[in-house]
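Here is a short tour of a protein model, starting from a single residue and working outwards. Have the structure open and follow along.

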Amino acid sequence: MADFGSELGLEEFRTEARAWLEENFPASLRGKPGIASALMEGEKPEGDVLLWMKRIGEKGWGTPTWPTEYGGGGLSGQQARVLQQEMAKIGAFNPLTFGMGVTMVGPTILDYGTEEQKRKHIPPIVRGEIRWCVGYSEPNAGSDLASLQTKATDAGDHWVITGQKTWTSGAQYSQWCGALVRTDSKAKKHDGITFMLIDMQQDAIETRPIALIAGASPFCETFFNDARAEKDAVLGELNVGWTVGKRLLQHERASQTGAANGPRATPMPEIAKRYLELDVNGRIADTDLRTRLTQHLMDAQIHRLTLARAAAESKGASGATNAASVLKNSATNVAQTRAELTVEIMGHQGLGWEGEAFSKDEIETVRSWLGGKAMSIYGGSAEIQNNIISKRILGLPDNTQSA
């Protein structure tokens with residue numbers, strides 16, 4: 001077997017990955033990133049999308065670095081990056097990375113799960129057969145998540161779950177939920193919380209989609225009306241779920257840092273040339289916009305380089321770290337700035353919501369611009385990330401404790 005860890009071995013792996021993708025990725029899906037968004041919003045995969053999902057799931061390359069014993073690809077971080085590069089070259093996308101099973105719950109089960117939990121839950125995630133949501137925020141427990149009140153009561157041979165979650169992304173489409181619940185109401189605020197794996201397919205759980213200004217409704221209110229969770233639903237230790245919950249958030253933030261999971265976006269200069277007046281040198285005539293666009297492109301490149309450096313430095317670490325908070329805020333800034341600039345560049349064509357006067361790309365740009373406003377909030381707000389950066393990375397004092 002080739003030594004894929006060496007430089008020569010990586011090139012051999014690149015050749016293997018390129019050949020497999022050429023043979024297995026359907027040509028009809030090339031360069032269509034919108035399909036990924038549709039999957040995230042609950043569209044049921046069919047046709048070539050379903051075929052691609054099955055092929056990459058069986059290969060294990062939808063979860064390239066996960067252990068082979070649970071169906072994962074067993075690749076190194078370097079090999080996974082090579083695979084991403086080859087997918088981007090042909091306009092391919094990973095149909096599994098747009099679900100919380102792959103980006104959040106699955107990695108946390110691999111971190112804390114028993115062998116039985118891993119063998120039960122990981123293979124269906126790898127194959128894209130099961131969709132997961134995450135039950136964290138509540139009406140009175142958002143950024144202050146430790147104030148959560150959804151309760152799990154020991155009923156002998158099972159747990160009874162009562163309470164409400166909100167902003168539960170994809171809950172209306174999910175078969176399982178990874179949720180933080182309170183199992184000891186007398187314990188200190190961050191104690192007495194347990195992470196549980198809950199079957200969503202029961203009448204005692206109700207989901208209500210929340211309408212958003214961007215049109216789609218990926219978020220839900222979720223009600224647990226004496227719902228049932230089996231005794232083996234506890235992930236990690238009973239009453240120590242806060243630690244498990246924080247680990248999941250690290251995985252979430254790491255997944256939101258902008259790693260390439262799909263086709264490359266249209267370069268900003270190319271978009272600008274379609275809509276704007278150019279000077280005699282072929283540059284954007286508006287010097288102020290040109291300066292701001294240049295600064296954005298620099299920020300985007302800085303983010304990519306920092307992402308690569310963090311990946312290289314984490315080789316000896318056990319997964320996601322607090323650096324994910326830095327990268328999450330950076331990714332948010334780059335994405336939101338790109339959206340703002342794109343709408344500005346399009347001018348009046350960047351104001352379209354529907355109708356024949358606007359192209360599909362223009363309408364999608366407006367909806368993405370509105371939907372992207374949530375990036376500053378979900379996965380932990382920008383302010384929460386700044387707190388983490390100041391305390392856990394910079395070592396600054398916690399003023400809340402000294403007050």
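Let's start at Y112, which sits in helix 5. Is Y112 buried or exposed, or something in between? With a relative accessibility of 30%, Y112 counts as partly exposed. Keep in mind that this is a predicted model.

What does Y112 touch, once residues up to four places away in sequence are left out? The list is L235, G236, T243, V244 and R247. Take L235: this residue is 123 residues away from Y112 along the chain, yet the two C-alpha atoms are separated by 6.4 Å.

Now zoom out to the helices. Two packed helices can be described by the angle between their axes and by the distance between those axes. Helix 5 covers residues 100-112 and helix 7 covers residues 241-255. They pack at about 135°, and their axes are 8 Å apart. Why call the pair oblique? Angles over 145 degrees would count as roughly antiparallel and those from 65 to 115 as roughly perpendicular, so an angle that fits none of the named ranges is oblique, and helix 5 and helix 7 are therefore oblique to each other. The crossing of helix 5 past helix 7 is right-handed.

Who meets whom here? Helix 5 brings T103, M104, V105, P107, T108, D111 and Y112, while helix 7 brings T243, V244, R247, L248, H251, E252 and S255. Sorted by type, the residues of this contact are 6 nonpolar, 5 polar and 3 charged.

Next, a look at backbone angles. Most residues other than glycine have a negative phi. D226 and N239 go the other way, as this table shows.

| Residue | Phi | Place | Relative accessibility |
|---|---|---|---|
| D226 | near 60° | strand 7 (residues 220-230) | 54%, exposed |
| N239 | about 70° | loop between strand 8 (234-235) and helix 7 | 25%, partly exposed |

D226 counts as exposed because its 54% is over the 50% cut-off. N239, at 25%, is partly exposed because its value lies between 20% and 50%.

Finally, the whole protein. How many helices and strands are there? The protein has 13 helices and 8 strands. Of its 403 residues, 44% are buried. The accessible surface comes to about 20,600 Å², and carbon and sulfur atoms account for 52% of that. Among contacts between residues at least 6 apart in sequence, 69% join residues at least 24 apart.

Terms used
Residues numbered from 1 in each chain as written. Predicted model: local features only at pLDDT ≥ 70, side-chain atom pairs only at ≥ 80, totals over all residues. Heavy atoms only, no water. Axes fitted to C-alpha atoms, helices over the stretch in contact; angles between N-to-C directions. Helix = DSSP H or I, 4+ residues; strand = E, 2+ residues; numbered from the N terminus. Parallel < 35°, antiparallel > 145°, perpendicular 65-115°, else oblique. Left-handed = near helix turned anticlockwise from the far one by under 90°. Contact = heavy atoms within 4.5 Å. Nonpolar A, V, L, I, M, F, W, Y, C, P; charged D, E, K, R; others polar. Buried < 20%, exposed > 50% of the residue type's maximum accessible area, 1.4 Å probe, protein only. Areas by Shrake-Rupley, 256 points an atom, 1.4 Å probe, with all protein chains shown as cover.
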